[in-house]
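Hi everyone, thanks for making time today. I'd like to walk you through one model, so please have the sequence and the 3D view open while I talk.

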Amino acid sequence: MPFRQVDVFGAAPLAGNPLAVVLDAADVPEAAMRAFARWTNLSETAFVLPPTAPGADYRVRIFTPASELPFAGHPTLGSAHAWAERTGSTADRLVQECAAGLVELRRTDEGWAFAAPPFLRSGPADDEEIARVAEGLGIGPWDVVAAEWVDNGPGWLAVLLRDADAVLEIQPDLERMRIPTGVVGPHGAGGRADYEVRAFVPGLGVPEDPVTGSLNAGIALWFLGSGRATGGYTVRQGTRVGADGRVVVTQEDDRVWIAGATRTVLDGTASF
């Protein structure tokens, strides 16, 4: 089957989050999908299938090394890139079908962008949840400026810290982490981005994700909806794992868009 390995959200070549994409995957059994995702050992592997929903251009199934996700951000951008490259599509807008529903995409100057999907769970975390997530992050509950459920599929709880340095200093206890957790803090004026983000999902087989579209989409809806941010902003992610990810958040009317670069690194066939 046709195969692409795509670098997503990289500020430079080989600086983002790699995604394995198997195209024309209609005949691949689910057991083989799961086995291949374990074998690639990437945070996610995507399988592109014919659509079943009216209006969709293609359907995608997304697997971590441990489980299937209803939606994920960097697989959404990487799959759109690979599908358009494979089919020769020059369309400026696409519609992806996934287990979470239909996701709109568009081309931008920053690369492909997806419309942030609605929350499955939202609202502030309670004191017990904050204490539990702080324990996993190796910090005190008093270090948490705010914590909010921003679950759009993977189950994210987002934790706001005082600044980007506090985010980078986190040394999590992964064995104590039971909730997919994102950590965000603002950079000072003149920084490389407006915010620094880290993402930890050990329960899904991904200790720290290099660059995370779904988490950034959830944080964007939280920040823009609550007035913590206005208009749009940029995010740096992956610093502590050797990546240099750049996520661009924009808001137009009632839509929030998450954009980033996509580059094909490997182009060939997959046999399994």
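I'll go through the strands, then the charged contacts, then the aromatic rings, and end with the pocket.

One thing to keep in mind throughout: what you are looking at is a predicted model.

Let's begin with strand 12, which covers residues 181-186. How many of its six residues are buried? Five of them are, so by the under 20% cut-off on relative accessible area this strand is mostly covered. On one side, strand 12 pairs with strand 11, residues 157-160, through four bridges in the parallel sense. If you want a spot to click on there, take Val159, which sits opposite Val183 of strand 12. Strand 12 also has strand 13, residues 195-201, as a partner; these two run antiparallel and are joined by six bridges. There you can pick Gly182, whose bridge partner in strand 13 is Ala199. While you have the strands on screen, a general reminder: side chains in a regular strand alternate between the two faces of the sheet.

Now for the charges. The structure holds 17 salt bridges, and I'll show you a few. In one of them, the side chains of Arg4 and Glu85 meet, with 2.8 Å from N to O. Why does this pair tie together separate parts of the chain? Arg4 belongs to strand 1, residues 2-8, and Glu85 to helix 2, residues 73-87, so the contact spans parts that are 81 residues apart in sequence. The two ends sit in unlike surroundings: Arg4 is buried, at 7% relative accessible area, whereas Glu85 is partly exposed, at 38%.

Next, please find Arg61 and Glu68. They form a salt bridge too, and their closest N and O atoms are 2.9 Å apart. Is Arg61 buried or exposed? With a relative accessibility of 18%, Arg61 counts as buried, because the cut-off for buried is under 20%. Glu68 is partly exposed, with a value of 27%.

A further example is Glu129 with Arg121, where the closest N and O atoms are 3.1 Å apart. This time the acid is the buried partner: Glu129 has a relative accessible area of 11%, while Arg121 is partly exposed at 38%. Going back to Arg61 and Glu68 for a moment, they belong to a network with Glu30 and Arg34, joined by salt bridges that share partners.

Arg121 has another contact worth a look. It lies over the face of Trp149, 3.7 Å from the ring centre. A second arginine does this as well: Arg106 lies over the face of Trp257, at 4.2 Å from the ring centre.

That takes us to the rings themselves. As you know, an aromatic pair is described by the distance of the centres and the angle of the planes. A search of the whole structure finds 11 aromatic pairs. Take Phe3 and Phe36: their ring centres are 6.2 Å apart and their planes stand at 90°, so this is an edge-to-face pair. Phe3 lies in strand 1 and Phe36 in helix 1, residues 30-40, so the pair ties together parts 33 residues apart in sequence. Phe3 is buried, at 12% relative accessible area, and Phe36 is buried as well, at 9%.

For a tilted pair, look at Phe223 and Tyr233, with 6.4 Å centre to centre and 45° between the planes. Phe223 sits in helix 5, residues 213-226, and Tyr233 in strand 15, residues 232-237, 10 residues apart. Phe223 is buried, with a relative accessible area of 1%, and Tyr233 is buried at 6%.

Which residues do ring pairs link into a cluster? Phe3 and Phe36 are there again, along with Trp39, Phe47, Phe63 and Phe272.

Finally, the pocket. How much space lies in the largest pocket? The answer is about 190 Å³. It is lined by 13 residues, and the closest to its centre are Ala100, Leu102, Val103, Pro117 and Pro118. Strand 7, residues 101-108, gives the most to this lining, with four residues.

That's my tour, and I'm happy to take questions.

How values were computed. Residues are numbered from 1 along each chain as its sequence is written. This is a predicted model: local features need pLDDT of at least 70, side-chain atom pairs count only at pLDDT 80 or more; totals for chains, interfaces and linings use all residues. Side-chain values use heavy atoms; hydrogens and water are left out. Buried means under 20% relative accessible area, exposed over 50%, partly exposed in between (1.4 Å probe, protein chains only). Two strands pair if DSSP finds at least two bridges between them. A salt bridge is a side-chain nitrogen of Lys or Arg within 4 Å of a carboxyl oxygen of Asp or Glu. Rings of Phe, Tyr and Trp (its six-membered ring) pair if their centres lie within 6.5 Å; planes under 30 degrees apart count as stacked, over 60 as edge-to-face and the rest as tilted. A charge sits over a ring if NZ of Lys or CZ of Arg is within 6 Å of the ring centre and within 35 degrees of the ring normal. On a 1 Å grid over the protein atoms alone, a cavity is a set of points where a 1.4 Å probe fits but cannot get out, and a pocket is an open set with protein on both sides within 12 Å along at least five of seven lines; lining residues have an atom within 4 Å of a point. Grid points are joined across faces, edges and corners, and a volume is the space filled by probe spheres set on the points.
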